[in-house]
Amino acid sequence: RECLTTLKDILDVFPKQNKNQSFTDPRLVFLATFLLPFEHLQYEDKTKVKYVAEYMMREGIKFKNTDVQAIITMTQNLDDMIRLLQRLPEASPAVRLQAGLIVRNVKELWVTLLIVATVNLTRRKTADTAVDWCKRSHDWYQTILHDLHLDECWKVKPLMNGQELIKELGLEKGPQVGLYNQQQLYWMLQYPEGTLQECKVYLKDFHKKQEFEQDQAAQHISKKMHL
């Protein structure tokens, strides 16, 4: 009840639905807030560990699968959003990466998750009581939307696909392609105005560092075997 009361106060400072940008999901924000006390509770289902909130949604109140998946996604990313809220908003590359990864993970749910994280911090007994979390949350909303331009960043296509990465960096097919694609994503989030050529330079430097570290590790293992 306290969480839901806090939620109402927070919702008052956020803009209503706008067709040109992500907005708060009016159903899921209340559901996710209601489930906050159970956020870290898990249970074993055969060989898997699942969230109690998922069970409540799926088996208890029997909501549709899309809603269940939305709650799972927000639960998995809640702690990251809380950590973001605990720092002051700024438009640096490092912050854009931190915020961008969250937004990419939760997609159009990012505003809803931001509000739920604000409720969490407001209700925490250990939270910094000197911080106006409602204002901090709104500042982050404005920063993500207008300064970092991260809304719908999940729709941005990579500068190079897997085949192009293999050709450009001389990679072998397999898991390492995913590693370099991930690094490409990190770079693009930090430098949204960066060019394809600049991205290639960064990935080639990263590739050289990876090869050097692998060579060092191999030499270390070889020396230990020799001893």
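The side chains of H207 and Y180 make a polar contact at 2.7 Å. This comes from a predicted model. The chain has 227 residues, and 40% of them count as buried. It folds into 10 helices and two strands. The points below start at H207, then turn to the fold, the hairpin, the pocket, the cavity and two loop residues.

**H207 and its surroundings**
- H207 sits in helix α10, which spans residues 196–226.
- H207 has a relative accessible area of 13%. Buried means under 20%, so H207 is buried.
- Leaving aside residues up to four places away in sequence, H207 touches L169, L171 and Y180.
- Y180 is thus named twice: as a residue that H207 touches, and as the side-chain partner in the 2.7 Å polar contact.

**Overall fold**
- Read from the N terminus, the order of elements is α-α-β-β-α-α-α-α-α-α-α-α.
- Among contacts in the chain with a separation of 6 or more, 70% join residues 24 or more positions apart.

**The β hairpin**
- Strand β1 covers residues 42–45, and strand β2 covers residues 48–51.
- The two strands pair in the antiparallel sense, over four bridges.
- One of the bridge partnerships links Q42 to Y51 in β2.
- Two residues lie between the strands of this hairpin.
- K46 in the hairpin takes a positive phi near 60°.

**The largest pocket**
- The largest pocket holds about 340 Å³ of space.
- Its lining counts 18 residues.
- C153, V156, K157, M188 and L189 are the lining residues nearest the centre of the pocket.
- Helices α5 (93–106) and α9 (175–190) each give at least two residues to this lining.
- Helix α9 provides the largest share, with five residues.
- By class, the pocket lining has 10 nonpolar, three polar and five charged residues.

**The largest cavity**
- One cavity of 30 Å³ or more is counted in the model.
- The largest cavity contains about 110 Å³ of space.
- Its lining consists of A32, L35, L36, E39, A53, I71, M74, T75, L78, L113 and V116.
- Helices α4 (65–85) and α6 (110–123) are the elements that give two or more residues to this lining.
- The largest share, four residues, comes from α4.
- The cavity lining divides into nine nonpolar residues, one polar and one charged.

**Two loop residues with positive phi**
- K107 has a phi near 55°, a positive value in a residue other than glycine.
- K107 is placed in the loop between α5 and α6.
- The relative accessible area of K107 is 37%. Partly exposed runs between the 20% and 50% limits, so K107 falls in that class.
- H149 is not a glycine either, yet its phi is positive, at about 50°.
- H149 lies in the loop between α7 (133–147) and α8 (162–169).
- H149 has 53% relative accessibility. Exposed means over 50%, so H149 counts as exposed.

How values were computed:
Residues are numbered from 1 along each chain as its sequence is written. This is a predicted model: local features need pLDDT of at least 70, side-chain atom pairs count only at pLDDT 80 or more; totals for chains, interfaces and linings use all residues. Side-chain values use heavy atoms; hydrogens and water are left out. Two strands pair if DSSP finds at least two bridges between them. On a 1 Å grid over the protein atoms alone, a cavity is a set of points where a 1.4 Å probe fits but cannot get out, and a pocket is an open set with protein on both sides within 12 Å along at least five of seven lines; lining residues have an atom within 4 Å of a point. Grid points are joined across faces, edges and corners, and a volume is the space filled by probe spheres set on the points. Ala, Val, Leu, Ile, Met, Phe, Trp, Tyr, Cys and Pro count as nonpolar, Asp, Glu, Lys and Arg as charged, and the others, Gly among them, as polar. Buried means under 20% relative accessible area, exposed over 50%, partly exposed in between (1.4 Å probe, protein chains only). A polar contact is a pair of N or O atoms within 3.5 Å; within protein, one must be able to donate a hydrogen and the other to accept it, and residues adjacent in sequence count only if both atoms are side-chain atoms. Contact means heavy atoms within 4.5 Å.
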